[in-house]
Amino acid sequence: MVEHFPDLDARLMAAATRLGARELGRTWPNPAVGALIVRHGAAGPVVVGRGWTRKGGRPHAETEALAQAGGRASGATCYVSLEPCSHHGRTSPCSEALVAAGVVRVVSAVEDPDSRVSGRGHATLRDAGIEVVVGIGADEARAVNAGHFTRVREGRPWVTLKLAVSRDGMIAGPGGAPVAITGPRARAAAHMLRATNDAILIGIRTALADDPALTCRLPGMQDRSPVRIVLDTDLRLPVTAKMLDEAEETPIWLISRETADPARRVALERRGAIVLPSHGGIGAALGVLAGHGLTRVLVEGGATVATSLADAGLIDEAVIFDGAIDIGSNGVPAGPALAAIRENGAYRPVDRVSLGDDVMSTYRRTR
(Lines give C-alpha, C1' and ligand atoms only; values in the text may rest on other atoms or scores of the structure.)
Protein backbone atom coordinates (compact mmCIF):
# COMPACT_ATOMS: atom_id res chain seq x y z
CA MET A 1 0.00 0.00 0.00
CA VAL A 2 1.44 3.38 -1.08
CA GLU A 3 0.80 6.31 1.25
CA HIS A 4 -0.57 9.47 -0.39
CA PHE A 5 0.97 12.87 0.26
CA PRO A 6 -0.97 15.44 -1.85
CA ASP A 7 1.33 18.40 -1.12
CA LEU A 8 4.40 16.28 -1.82
CA ASP A 9 2.83 14.96 -5.01
CA ALA A 10 2.30 18.54 -6.19
CA ARG A 11 5.90 19.53 -5.45
CA LEU A 12 7.34 16.50 -7.17
CA MET A 13 5.10 16.99 -10.19
CA ALA A 14 6.22 20.62 -10.43
CA ALA A 15 9.82 19.39 -10.43
CA ALA A 16 9.06 16.88 -13.19
CA THR A 17 7.38 19.58 -15.29
CA ARG A 18 10.38 21.88 -14.89
CA LEU A 19 12.66 19.06 -16.03
CA GLY A 20 10.68 18.71 -19.22
CA ALA A 21 10.69 22.47 -19.86
CA ARG A 22 14.48 22.59 -20.05
CA GLU A 23 14.32 21.15 -23.59
CA LEU A 24 11.53 23.37 -24.92
CA GLY A 25 12.24 24.21 -28.54
CA ARG A 26 14.26 21.06 -29.19
CA THR A 27 11.93 18.07 -28.68
CA TRP A 28 9.59 18.68 -31.63
CA PRO A 29 7.64 16.91 -33.04
CA ASN A 30 7.25 15.44 -29.55
CA PRO A 31 6.19 17.26 -26.38
CA ALA A 32 8.74 18.32 -23.76
CA VAL A 33 8.06 15.90 -20.90
CA GLY A 34 9.79 15.41 -17.55
CA ALA A 35 9.69 12.37 -15.25
CA LEU A 36 10.87 11.42 -11.76
CA ILE A 37 11.12 7.95 -10.21
CA VAL A 38 10.66 8.31 -6.46
CA ARG A 39 10.87 5.82 -3.62
CA HIS A 40 8.81 6.75 -0.57
CA GLY A 41 10.30 5.44 2.65
CA ALA A 42 10.23 6.10 6.38
CA ALA A 43 12.93 8.75 5.99
CA GLY A 44 10.97 10.52 3.26
CA PRO A 45 11.00 10.49 -0.52
CA VAL A 46 14.16 9.72 -2.46
CA VAL A 47 14.47 10.52 -6.17
CA VAL A 48 16.21 7.52 -7.74
CA GLY A 49 15.74 8.47 -11.38
CA ARG A 50 14.98 11.55 -13.41
CA GLY A 51 14.64 12.16 -17.10
CA TRP A 52 13.35 14.50 -19.74
CA THR A 53 12.56 14.16 -23.43
CA ARG A 54 15.72 14.79 -25.40
CA LYS A 55 16.45 16.69 -28.60
CA GLY A 56 14.37 15.41 -31.50
CA GLY A 57 11.91 13.71 -29.16
CA ARG A 58 13.94 10.64 -28.23
CA PRO A 59 14.52 9.11 -25.80
CA HIS A 60 11.38 9.83 -23.80
CA ALA A 61 11.47 11.15 -20.25
CA GLU A 62 10.22 7.95 -18.63
CA THR A 63 12.82 5.84 -20.45
CA GLU A 64 15.60 8.12 -19.20
CA ALA A 65 14.29 8.12 -15.63
CA LEU A 66 13.87 4.33 -15.54
CA ALA A 67 17.37 3.78 -16.92
CA GLN A 68 18.81 5.94 -14.17
CA ALA A 69 16.74 4.25 -11.46
CA GLY A 70 17.55 0.70 -12.57
CA GLY A 71 16.25 -1.92 -10.13
CA ARG A 72 15.26 0.79 -7.66
CA ALA A 73 12.22 1.56 -9.85
CA SER A 74 10.50 -1.58 -8.53
CA GLY A 75 7.96 -0.49 -5.93
CA ALA A 76 8.49 3.21 -6.73
CA THR A 77 6.24 6.02 -7.91
CA CYS A 78 6.68 7.74 -11.27
CA TYR A 79 5.78 11.42 -11.60
CA VAL A 80 5.39 12.39 -15.26
CA SER A 81 4.15 15.65 -16.77
CA LEU A 82 2.20 13.97 -19.62
CA GLU A 83 0.45 10.63 -19.98
CA PRO A 84 2.99 7.87 -20.81
CA CYS A 85 2.77 6.83 -24.45
CA SER A 86 1.08 3.58 -25.41
CA HIS A 87 1.92 3.23 -29.10
CA HIS A 88 4.83 1.53 -30.82
CA GLY A 89 7.06 3.87 -32.80
CA ARG A 90 10.83 4.17 -32.87
CA THR A 91 10.79 2.93 -29.26
CA SER A 92 8.54 0.69 -27.17
CA PRO A 93 5.69 2.35 -25.24
CA CYS A 94 6.67 4.07 -22.01
CA SER A 95 3.56 2.68 -20.30
CA GLU A 96 4.81 -0.86 -20.94
CA ALA A 97 8.28 0.09 -19.71
CA LEU A 98 6.82 1.35 -16.43
CA VAL A 99 4.91 -1.91 -15.99
CA ALA A 100 8.01 -3.99 -16.72
CA ALA A 101 10.07 -1.96 -14.23
CA GLY A 102 7.68 -2.77 -11.39
CA VAL A 103 6.50 0.78 -10.70
CA VAL A 104 3.47 0.61 -8.38
CA ARG A 105 2.08 4.14 -8.72
CA VAL A 106 2.06 6.72 -11.52
CA VAL A 107 1.15 10.36 -10.97
CA SER A 108 0.44 11.86 -14.39
CA ALA A 109 -0.28 15.56 -14.83
CA VAL A 110 -2.57 15.38 -17.85
CA GLU A 111 -3.94 13.02 -20.47
CA ASP A 112 -2.23 13.19 -23.87
CA PRO A 113 -4.67 14.39 -26.58
CA ASP A 114 -2.76 12.48 -29.27
CA SER A 115 -5.20 9.90 -30.68
CA ARG A 116 -2.47 7.24 -30.49
CA VAL A 117 -2.46 7.66 -26.70
CA SER A 118 -5.49 9.58 -25.38
CA GLY A 119 -6.08 7.55 -22.22
CA ARG A 120 -4.60 4.28 -23.48
CA GLY A 121 -1.36 4.79 -21.60
CA HIS A 122 -3.21 5.26 -18.31
CA ALA A 123 -5.41 2.25 -19.12
CA THR A 124 -2.36 0.05 -19.73
CA LEU A 125 -1.00 1.00 -16.33
CA ARG A 126 -4.30 0.41 -14.52
CA ASP A 127 -4.79 -2.94 -16.26
CA ALA A 128 -1.41 -3.99 -14.84
CA GLY A 129 -2.56 -3.14 -11.31
CA ILE A 130 -0.67 0.15 -11.06
CA GLU A 131 -2.36 2.97 -9.18
CA VAL A 132 -2.79 5.97 -11.51
CA VAL A 133 -3.48 9.53 -10.36
CA VAL A 134 -4.23 12.10 -13.07
CA GLY A 135 -4.56 15.87 -12.80
CA ILE A 136 -1.99 17.05 -10.27
CA GLY A 137 -0.11 19.99 -11.78
CA ALA A 138 -2.26 19.87 -14.91
CA ASP A 139 -2.32 23.62 -15.59
CA GLU A 140 1.46 23.96 -15.42
CA ALA A 141 1.98 20.89 -17.57
CA ARG A 142 -0.47 22.13 -20.21
CA ALA A 143 1.28 25.51 -20.26
CA VAL A 144 4.67 23.94 -20.93
CA ASN A 145 3.28 21.75 -23.70
CA ALA A 146 0.72 24.19 -25.09
CA GLY A 147 2.30 23.70 -28.51
CA HIS A 148 1.71 19.96 -28.44
CA PHE A 149 -1.94 20.43 -27.47
CA THR A 150 -2.49 23.09 -30.15
CA ARG A 151 -0.83 21.00 -32.87
CA VAL A 152 -2.88 17.91 -32.02
CA ARG A 153 -6.21 19.64 -31.50
CA GLU A 154 -6.07 22.52 -34.00
CA GLY A 155 -3.56 21.34 -36.58
CA ARG A 156 -1.21 24.28 -36.08
CA PRO A 157 1.63 25.32 -33.78
CA TRP A 158 1.24 27.50 -30.71
CA VAL A 159 1.93 31.06 -31.90
CA THR A 160 3.75 33.63 -29.79
CA LEU A 161 3.95 37.14 -31.21
CA LYS A 162 6.97 39.17 -30.13
CA LEU A 163 6.91 42.94 -30.62
CA ALA A 164 9.40 45.59 -29.57
CA VAL A 165 7.53 48.91 -29.36
CA SER A 166 9.00 52.37 -28.92
CA ARG A 167 7.61 54.80 -26.39
CA ASP A 168 5.69 56.52 -29.19
CA GLY A 169 4.19 53.24 -30.50
CA MET A 170 6.52 52.42 -33.39
CA ILE A 171 8.17 49.10 -34.27
CA ALA A 172 10.62 50.29 -36.94
CA GLY A 173 12.15 53.42 -38.36
CA PRO A 174 11.16 55.30 -41.52
CA GLY A 175 10.59 52.94 -44.43
CA GLY A 176 10.86 49.91 -42.12
CA ALA A 177 14.51 50.57 -41.24
CA PRO A 178 15.61 48.53 -38.21
CA VAL A 179 16.02 50.48 -34.98
CA ALA A 180 17.42 49.29 -31.64
CA ILE A 181 14.26 49.91 -29.62
CA THR A 182 15.34 48.08 -26.46
CA GLY A 183 18.53 47.68 -24.45
CA PRO A 184 20.80 44.68 -23.88
CA ARG A 185 18.77 43.04 -21.10
CA ALA A 186 15.60 43.05 -23.18
CA ARG A 187 17.49 41.76 -26.22
CA ALA A 188 18.88 38.90 -24.12
CA ALA A 189 15.33 38.03 -23.02
CA ALA A 190 14.24 38.05 -26.66
CA HIS A 191 17.03 35.63 -27.56
CA MET A 192 15.93 33.35 -24.72
CA LEU A 193 12.48 33.31 -26.34
CA ARG A 194 14.14 32.12 -29.53
CA ALA A 195 15.89 29.34 -27.62
CA THR A 196 12.62 27.96 -26.23
CA ASN A 197 10.67 27.90 -29.49
CA ASP A 198 10.85 25.39 -32.32
CA ALA A 199 10.97 28.11 -34.95
CA ILE A 200 11.11 31.86 -35.63
CA LEU A 201 8.83 33.24 -38.33
CA ILE A 202 9.12 36.52 -40.24
CA GLY A 203 7.64 37.93 -43.43
CA ILE A 204 9.62 38.60 -46.57
CA ARG A 205 9.45 42.38 -46.04
CA THR A 206 11.29 42.04 -42.75
CA ALA A 207 13.80 39.68 -44.35
CA LEU A 208 14.51 42.15 -47.14
CA ALA A 209 14.66 45.21 -44.85
CA ASP A 210 16.78 43.74 -42.04
CA ASP A 211 18.70 40.82 -43.61
CA PRO A 212 18.61 39.16 -40.15
CA ALA A 213 20.47 36.02 -39.07
CA LEU A 214 17.59 35.00 -36.71
CA THR A 215 19.86 32.88 -34.54
CA CYS A 216 20.14 32.64 -30.76
CA ARG A 217 23.21 34.65 -29.81
CA LEU A 218 23.27 34.11 -26.06
CA PRO A 219 26.72 32.94 -24.90
CA GLY A 220 26.81 29.15 -24.74
CA MET A 221 23.38 28.76 -26.32
CA GLN A 222 24.19 29.06 -30.00
CA ASP A 223 23.12 25.44 -30.50
CA ARG A 224 19.61 26.40 -29.33
CA SER A 225 18.87 28.40 -32.48
CA PRO A 226 15.46 27.33 -33.84
CA VAL A 227 14.35 26.75 -37.40
CA ARG A 228 14.14 30.06 -39.33
CA ILE A 229 10.95 30.53 -41.39
CA VAL A 230 10.23 33.22 -43.96
CA LEU A 231 6.79 33.75 -45.47
CA ASP A 232 8.02 34.30 -49.02
CA THR A 233 5.19 33.62 -51.44
CA ASP A 234 7.16 34.60 -54.57
CA LEU A 235 10.60 33.43 -53.36
CA ARG A 236 12.08 36.93 -53.30
CA LEU A 237 14.69 36.14 -50.65
CA PRO A 238 18.11 36.95 -52.16
CA VAL A 239 20.52 34.04 -52.49
CA THR A 240 23.00 36.34 -50.70
CA ALA A 241 20.79 36.60 -47.57
CA LYS A 242 22.73 36.33 -44.33
CA MET A 243 20.52 33.58 -42.92
CA LEU A 244 21.42 31.28 -45.83
CA ASP A 245 25.07 31.36 -44.77
CA GLU A 246 24.17 29.18 -41.77
CA ALA A 247 21.56 26.96 -43.44
CA GLU A 248 23.53 23.77 -42.72
CA GLU A 249 23.74 24.48 -38.98
CA THR A 250 20.32 26.11 -38.52
CA PRO A 251 17.58 25.22 -41.02
CA ILE A 252 15.77 27.86 -43.02
CA TRP A 253 12.32 27.11 -44.41
CA LEU A 254 10.61 29.30 -47.00
CA ILE A 255 6.82 29.18 -47.29
CA SER A 256 5.95 29.94 -50.90
CA ARG A 257 3.02 29.73 -53.25
CA GLU A 258 2.93 26.58 -55.38
CA THR A 259 3.34 28.63 -58.56
CA ALA A 260 6.55 30.39 -57.45
CA ASP A 261 9.35 30.58 -60.02
CA PRO A 262 10.98 27.11 -60.23
CA ALA A 263 14.35 28.65 -61.09
CA ARG A 264 14.25 30.74 -57.91
CA ARG A 265 13.38 27.64 -55.95
CA VAL A 266 16.36 25.74 -57.34
CA ALA A 267 18.72 28.65 -56.62
CA LEU A 268 17.56 28.98 -53.01
CA GLU A 269 17.63 25.24 -52.40
CA ARG A 270 21.22 25.15 -53.64
CA ARG A 271 22.00 27.63 -50.87
CA GLY A 272 20.46 25.28 -48.31
CA ALA A 273 16.90 26.58 -48.00
CA ILE A 274 13.96 24.19 -47.74
CA VAL A 275 11.01 25.44 -49.78
CA LEU A 276 7.55 24.41 -48.55
CA PRO A 277 4.69 25.26 -50.92
CA SER A 278 1.43 26.37 -49.36
CA HIS A 279 -1.89 27.48 -50.78
CA GLY A 280 -4.02 29.89 -48.82
CA GLY A 281 -3.33 32.46 -46.14
CA ILE A 282 -1.48 32.52 -42.86
CA GLY A 283 -3.63 29.74 -41.40
CA ALA A 284 -2.68 27.38 -44.22
CA ALA A 285 0.99 28.23 -43.71
CA LEU A 286 0.74 27.33 -40.02
CA GLY A 287 -0.90 24.06 -41.00
CA VAL A 288 2.08 23.26 -43.23
CA LEU A 289 4.44 23.93 -40.32
CA ALA A 290 2.44 21.67 -38.01
CA GLY A 291 2.52 18.98 -40.67
CA HIS A 292 6.31 19.13 -40.52
CA GLY A 293 6.29 18.66 -36.75
CA LEU A 294 6.57 22.19 -35.36
CA THR A 295 4.71 22.85 -32.12
CA ARG A 296 5.87 26.34 -31.05
CA VAL A 297 6.49 29.29 -33.39
CA LEU A 298 7.81 32.69 -32.33
CA VAL A 299 6.69 35.41 -34.75
CA GLU A 300 9.17 38.26 -35.09
CA GLY A 301 7.84 39.55 -38.39
CA GLY A 302 6.68 43.07 -39.08
CA ALA A 303 3.30 44.75 -38.87
CA THR A 304 1.89 42.94 -41.91
CA VAL A 305 2.41 39.43 -40.52
CA ALA A 306 1.29 40.49 -37.04
CA THR A 307 -1.90 42.03 -38.43
CA SER A 308 -2.67 38.94 -40.51
CA LEU A 309 -2.33 36.72 -37.45
CA ALA A 310 -4.43 39.04 -35.30
CA ASP A 311 -7.18 39.28 -37.92
CA ALA A 312 -7.27 35.48 -38.19
CA GLY A 313 -7.35 35.00 -34.41
CA LEU A 314 -4.15 32.97 -34.51
CA ILE A 315 -2.08 34.65 -31.80
CA ASP A 316 -2.04 32.50 -28.68
CA GLU A 317 0.44 34.56 -26.69
CA ALA A 318 2.17 37.90 -27.10
CA VAL A 319 5.39 39.19 -25.58
CA ILE A 320 5.61 42.96 -25.83
CA PHE A 321 8.87 44.77 -25.14
CA ASP A 322 8.19 48.44 -24.38
CA GLY A 323 11.29 50.48 -25.08
CA ALA A 324 12.27 53.86 -23.66
CA ILE A 325 13.09 55.58 -26.96
CA ASP A 326 10.98 57.62 -29.37
CA ILE A 327 11.24 56.95 -33.11
CA GLY A 328 9.05 59.74 -34.42
CA SER A 329 5.98 60.01 -36.57
CA ASN A 330 7.82 58.79 -39.69
CA GLY A 331 8.33 55.37 -38.12
CA VAL A 332 6.29 52.23 -38.71
CA PRO A 333 3.42 52.01 -36.18
CA ALA A 334 2.72 48.79 -34.32
CA GLY A 335 -0.69 48.67 -35.94
CA PRO A 336 -3.84 46.66 -35.18
CA ALA A 337 -2.01 43.68 -33.67
CA LEU A 338 -0.89 45.65 -30.63
CA ALA A 339 -4.38 47.06 -30.16
CA ALA A 340 -5.83 43.55 -30.43
CA ILE A 341 -3.54 42.37 -27.66
CA ARG A 342 -3.94 45.28 -25.28
CA GLU A 343 -7.32 46.82 -25.89
CA ASN A 344 -10.11 44.44 -26.92
CA GLY A 345 -10.16 42.13 -23.90
CA ALA A 346 -9.26 38.99 -25.82
CA TYR A 347 -5.93 38.73 -24.00
CA ARG A 348 -5.01 38.92 -20.35
CA PRO A 349 -1.68 40.01 -18.90
CA VAL A 350 0.14 37.13 -17.20
CA ASP A 351 3.59 38.59 -16.51
CA ARG A 352 5.43 41.90 -16.42
CA VAL A 353 9.18 42.28 -15.90
CA SER A 354 11.37 45.39 -15.83
CA LEU A 355 14.58 44.98 -17.82
CA GLY A 356 16.61 48.12 -17.23
CA ASP A 357 14.80 50.95 -18.98
CA ASP A 358 12.54 48.52 -20.83
CA VAL A 359 9.51 46.46 -19.80
CA MET A 360 8.61 42.97 -21.02
CA SER A 361 4.90 42.11 -20.74
CA THR A 362 3.37 38.74 -21.57
CA TYR A 363 -0.26 38.34 -22.62
CA ARG A 364 -2.19 35.15 -23.21
CA ARG A 365 -5.41 34.71 -25.11
CA THR A 366 -8.49 34.11 -22.96
CA ARG A 367 -10.27 30.94 -24.02
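Student: What makes the link between D261 and A263, at the start of helix α9, a polar contact?

Tutor: Set the distance against the cut-off. A side-chain oxygen of D261 comes to within 2.9 Å of the backbone nitrogen of A263. A polar contact needs a pair of N or O atoms within 3.5 Å, one able to donate a hydrogen and the other to accept it, so this pair counts. Bear in mind that this is a predicted model. At the other end, α9 is followed by G272, whose phi is positive, near 105°.

Student: Why is N30 called buried?

Tutor: Its relative accessible area is 16%, and buried means under 20%, so N30 qualifies. The residue lies in the loop between α1 and β1.

Student: Which residues is N30 in contact with, leaving aside its neighbours within four places in sequence?

Tutor: G57, R58 and H60. With G57 there's a polar pair too: the backbone oxygen of G57 lies 2.9 Å from a polar atom of the N30 side chain. That value is inside the 3.5 Å limit for a polar contact.

Student: What is the peptide bond from W28 to P29, cis or trans?

Tutor: Cis, with omega near 10°. P29 sits in the loop between α1 and β1. There's a cis bond between R58 and P59 as well, with omega about -5°, and P59 is in the loop between β2 and α2.

Student: What makes phi of L235 worth a remark?

Tutor: It's near 50°, a positive value in a residue other than glycine. L235 is found in the loop between β9 and β10. Phi of S118 is positive as well, near 40°, and S118 isn't glycine either. You'll find S118 in the loop between β4 and α4.

Student: Why is L235 called buried, and why is S118 called partly exposed?

Tutor: Put each number against the cut-offs. L235 has a relative accessible area of 2%; buried means under 20%, so the label fits. S118 has 33%, and partly exposed covers what lies between 20% and 50%, so that label fits too.

Student: How do you know that strand β9 is mostly covered?

Tutor: 5 of its 5 residues are buried. V227, I229 and L231 point one way from the strand and R228 and V230 the other way, and all are buried.

Student: What makes β8 and β9 a pair?

Tutor: Pairing takes at least two bridges, so the 5 that join β8 to β9 are enough. The two strands run parallel, with I200 opposite R228 in β9. On to β10: 4 bridges join β9 to β10, also in parallel, and L231 stands opposite I255 there.

Student: What do β8, helix α8 and β9 make together?

Tutor: A right-handed β-α-β unit.

Student: Why are β11 and β15 called edge strands?

Tutor: Each pairs on one side only. They end an open sheet of 9 strands, in the order β11-β10-β9-β8-β12-β6-β13-β16-β15, with mixed pairing. The twist averages 20° from one strand to the next. Within that sheet, β6 and β12 run parallel and are joined by 4 bridges, with L161 opposite V299 in β12.

Student: Which strands does helix α10 lie across?

Tutor: β6, β8, β9, β10, β11 and β12, and α10 runs at about 140° to β10.

Student: How many residues make up the largest nonpolar core, and which of them have the most contacts inside it?

Tutor: The core has 34 residues, and the best connected are L161, L201, I229, I255, L289, V299 and L309. Its largest share, 5 residues, comes from helix α10. Take L289: leaving aside neighbours within four places in sequence, its contacts are P157, L201, I229, W253, I255, L294 and V297. Another core, of 33 residues, lies apart from the largest and includes L12, A65, A73 and F149.

Student: How do you know that β4 pairs with both β3 and β5?

Tutor: Count bridges again. β3 and β4 pair in the parallel sense over 4, with T77 opposite R105. β4 and β5 also pair in the parallel sense over 4, and S108 stands opposite V134. The chain crosses from β4 through helix α4 to β5, in a right-handed β-α-β crossover.

Note on methods:
Residues numbered from 1 in each chain as written. Predicted model: local features only at pLDDT ≥ 70, side-chain atom pairs only at ≥ 80, totals over all residues. Heavy atoms only, no water. Core = buried A, V, L, I, M, F, W, Y, C linked by side-chain atoms within 4.5 Å. Buried < 20%, exposed > 50% of the residue type's maximum accessible area, 1.4 Å probe, protein only. Contact = heavy atoms within 4.5 Å. Right-handed = clockwise from strand over helix to strand, strands pointing away. Axes fitted to C-alpha atoms, helices over the stretch in contact; angles between N-to-C directions.
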